[in-house]
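Biologist: Please take a close look at one part of this model for me. Start with a single pair of residues, then work outward.

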Amino acid sequence: MNQRSPYISTVLDILLITLGTLIVALSVYFFMIPSQTLIGSISGLAILLANLIPLSVSTIMMLLNVLLLVVGFLWVGREFGAKTVYTSILLPILFALLEQFFPHQVSIMGDPFTDLLCHVFLSSIGLSILFHRNASSGGLDIIAKLMNKFLKIELGSAMSLSGMIVALSSVFFYPPKIVILSILGTYLCGTVLDRMILGFHIKKRVCILSQKEEEIRTFLLRDLHSGATLYQTVGAYHMEPQRELITIVDKNEYMKLMNFIERVDPDAFITVYEVHKVICRPKV
């Protein structure tokens, strides 16, 4: 069974990466192109260049991805991995198939703004699948890495900047309304994608001051099987010592904890923070 595990994991990776890439291709072909917006991506750049070069969008996309992969390997290093190479080649192939089978795509929603929203939602799902499998769609990711290395621009800022440049370039080919939609779509896509990626990992840091501290601590340890930390505090108003209980829980545990506290001590003082990452290093 253990010998098959790496094989099963590899097959699962390929299937999910293929699914994520397919979703991205569908969202671009059926929603972004009909809306005429240029969302900051390699697909948007290919659509832009199709106005200047007498080639199909899929062909331009393939040429751009291959060129960027070569440049990336030469100037950044081999940190892209097989997954990025796979998606960079797969995306234009899927796009070419869509061009072949659906040559006359029209707006499904009949409205550029609604098409834009559909594209943002679908592409964010596809990209989040790719990122969760430690892959990417290539393209602008490579440009961002180049900007990070040579211009010393932080990676996230480089991604946003390169995307915005593509979106702003639509001013040369489309009316102002489409330019504004392109900029708005690029911003929304990044925001929604961040929430989708982080949403899987967000936890709650709950700080509790309660007269029923012992009962709450027991509930955390016994029922939720969650750890907790106790801090000795002093209230500034009465200068009375009190212990603050702090724990980190996921969404389901958070609701159970809040319901329990509401029952045993409705007067408890609670503060809640979002936690995006928890690092637990084993003791040596």
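Modeller: K204 stands opposite E274 in β4. The pairing here is between β1 (residues 203-209) and β4, antiparallel, over 7 bridges. Two strands are said to pair if DSSP finds at least two bridges between them. The elements themselves are DSSP runs, numbered from the N terminus: helices are H or I of at least four residues, strands are E of at least two.

A word on the source. This is a predicted model, where local features need pLDDT of at least 70, side-chain atom pairs count only at pLDDT 80 or more, and totals for chains, interfaces and linings use all residues. Residues are numbered from 1 along each chain as its sequence is written, and side-chain values use heavy atoms, with hydrogens and water left out.

Now the whole sheet. It is open, has 4 strands and follows the order β2-β3-β1-β4, with antiparallel pairing. β2 (229-234) and β4 (269-275) are the edge strands, each pairing on one side only. From one strand to the next, the twist averages 25°. Helix α9 (residues 213-223) packs on this sheet. α9 touches β1, β2 and β3 (241-249), and its direction makes about 20° with that of β3. Contact means heavy atoms within 4.5 Å. Angles run from 0 to 180 degrees between N-to-C directions; the axes are lines fitted to C-alpha atoms, for helices over the stretch in contact.

A second helix joins in. α10 (residues 251-264) lies across β1, β3 and β4. α10 runs at about 20° to β1.

Back to the strands. β1 and β3 are also antiparallel partners, joined over 6 bridges. In that pair, L209 has E244 of β3 as its bridge partner. β2 and β3 run antiparallel too, with 6 bridges between them. There, T233 stands opposite Q242 in β3. β2 and β3 form a hairpin, with 6 residues between the two strands. M239 sits in the turn and has a positive phi of about 55°.

Which residues does α9 bury? They are E213, I216, F219 and L220. These four cover an arc of only 125° around the axis, which puts them on the same side of α9. Buried means under 20% relative accessible area, exposed over 50%, and partly exposed in between, with a 1.4 Å probe and protein chains only. The arc is that of the directions from the helix axis to the C-beta atoms. An α-helix has 3.6 residues a turn, so residues three or four places apart point the same way. The cover over the buried residues of α9 includes β1, β2, β3 and α10. Just after α9, H225 takes a positive phi of about 55°.

Where does this part sit in the chain? The protein has 10 helices and 4 strands. From the N terminus on, its elements run α-α-α-α-α-α-α-α-β-α-β-β-α-β. Of the 284 residues, 38% count as buried. Take the contacts between residues at least 6 apart in sequence: 71% of them join residues at least 24 apart.

For another helix, look at α3 (residues 57-75). It has 19 residues and reaches 26 Å from its first C-alpha to its last, close to the 27 Å expected at 1.5 Å a residue. That expected span is 1.5 Å times one less than the number of residues. Buried in α3 are V57, S58, I60, M61, L64, N65, L68, L69 and G72. Seen down the axis of α3, these buried residues fall within an arc of 165°, so they line one face of the helix. L63, L67 and L74 are exposed on the other side of α3.

S58 deserves its own look. S58 counts as buried because its relative accessibility is 5%. Leaving out residues up to four places away in sequence, S58 touches P92, F95, A96 and E99.

A82, in helix α4 (residues 81-101), offers a last case. Its relative accessibility is 65%, so A82 counts as exposed. A82 and A135 lie 53 residues apart in sequence and 8.8 Å apart in space, C-alpha to C-alpha.
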